[in-house]
Amino acid sequence: MRGVVPGDPGSLSAIGAAARRAARDLAAAREASGTAYASLKDAWATSTSVRTRKEGQRALATLAEGERHAEAVGAALQA
């Protein structure tokens, strides 16, 4: 859904840039966390590790969704 957002173009562009930076930060956090969760498989091979990794995968999916939304909002505000 797109609509007109009131405000001056410079301010909207700056907010869009901030949203896109947030998306990049989420991507970096997701990448670092993914590496950490993956390393649990070798270092901690128990049922608790499996459960923790599954929960981690759900958290990583949520980070990815937030990243996509932040990028989309940022792009729309900068359009």
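Begin with the whole protein chain in view, and you will find two helices and zero strands in it. Keep in mind, as you go, that this is a predicted model.

**The whole chain**

Before selecting anything, turn the chain slowly and look at its outline: the C-alpha atoms fill a box of roughly 55 × 20 × 10 Å, taken along the principal axes. The radius of gyration is 17 Å, whereas a compact globule of 79 residues would have one near 12 Å. If your viewer can draw a surface, switch it on, and you will be looking at about 5600 Å² of exposed area, of which carbon and sulfur atoms supply 59%. Of the 79 residues, 19% count as buried. Colouring by charge brings out 11 positive and 8 negative side chains, and the centres of these two sets lie 6 Å apart.

**Helix α1**

Now select residues 9-43, which form α1. This helix has 35 residues and reaches 51 Å from its first C-alpha to its last, close to the 51 Å expected at 1.5 Å a residue. Within α1, highlight Leu12, Gly16, Ala19, Ala23, Ala27 and Leu40, which are its buried residues, and then bring the other helix back into view, since the buried residues of α1 pack against α2. An α-helix has 3.6 residues a turn, so residues three or four places apart point the same way.

Staying in α1, pick Ala22, which is partly exposed because its relative accessible area is 33%, and so lies between the 20% and 50% cut-offs. From Ala22, draw a distance to Glu71: the two are 49 residues apart in sequence, yet their C-alpha atoms are 8.0 Å apart in space.

**Helix α2**

Next, select residues 47-78, the 32 residues of helix α2, which should span 46 Å at 1.5 Å a residue; the end C-alpha atoms are 47 Å apart, and therefore the model agrees with the expectation. The buried residues to highlight here are Ser49, Arg53, Gly56, Leu60, Ala64, Glu67, Ala70, Gly74 and Leu77, and what covers them includes α1.

Which residues does Ser49 meet, leaving aside its neighbours within four places in sequence? Select Ser49 in α2 and show its surroundings, where you will find Leu40, Lys41 and Trp44 in contact with Ser49. Ser49 counts as buried because its relative accessibility is 0%.

Move along α2 to Glu67. Is Glu67 buried or exposed? Its relative accessible area is 19%, and because the cut-off for buried is under 20%, Glu67 counts as buried. Not counting residues up to four places away in sequence, Glu67 touches Ala23, Leu26, Ala27 and Arg30; two of these names, Ala23 and Ala27, should be familiar from the list of buried residues of α1.

**The segment before α1**

Finally, go to Arg2, which is found in the segment before α1. Arg2 is exposed, because its relative accessible area of 68% is over the 50% cut-off. Beyond residues up to four places away in sequence, Arg2 touches Ala76 and Ala79. For a contrast with the pair formed by Ala22 and Glu71, draw a distance from Arg2 to Arg30, which are 28 residues apart in sequence and 28 Å apart in space, C-alpha to C-alpha.

**Back to the whole**

Zoom out once more and show the contacts across the chain: among those with a separation of 6 or more, residues 24 or more positions apart account for 73%.

Definitions and conventions
Residues numbered from 1 in each chain as written. Predicted model: local features only at pLDDT ≥ 70, side-chain atom pairs only at ≥ 80, totals over all residues. Heavy atoms only, no water. Helix = DSSP H or I, 4+ residues; strand = E, 2+ residues; numbered from the N terminus. Expected span 1.5 Å × (residues − 1). Buried < 20%, exposed > 50% of the residue type's maximum accessible area, 1.4 Å probe, protein only. Contact = heavy atoms within 4.5 Å. Rg over C-alpha atoms; globule rule 2.2 N^0.38 Å. Areas by Shrake-Rupley, 256 points an atom, 1.4 Å probe, with all protein chains shown as cover. Lys, Arg positive; Asp, Glu negative; His and termini not counted. Charge placed at Lys NZ, Arg CZ, Asp CG, Glu CD.
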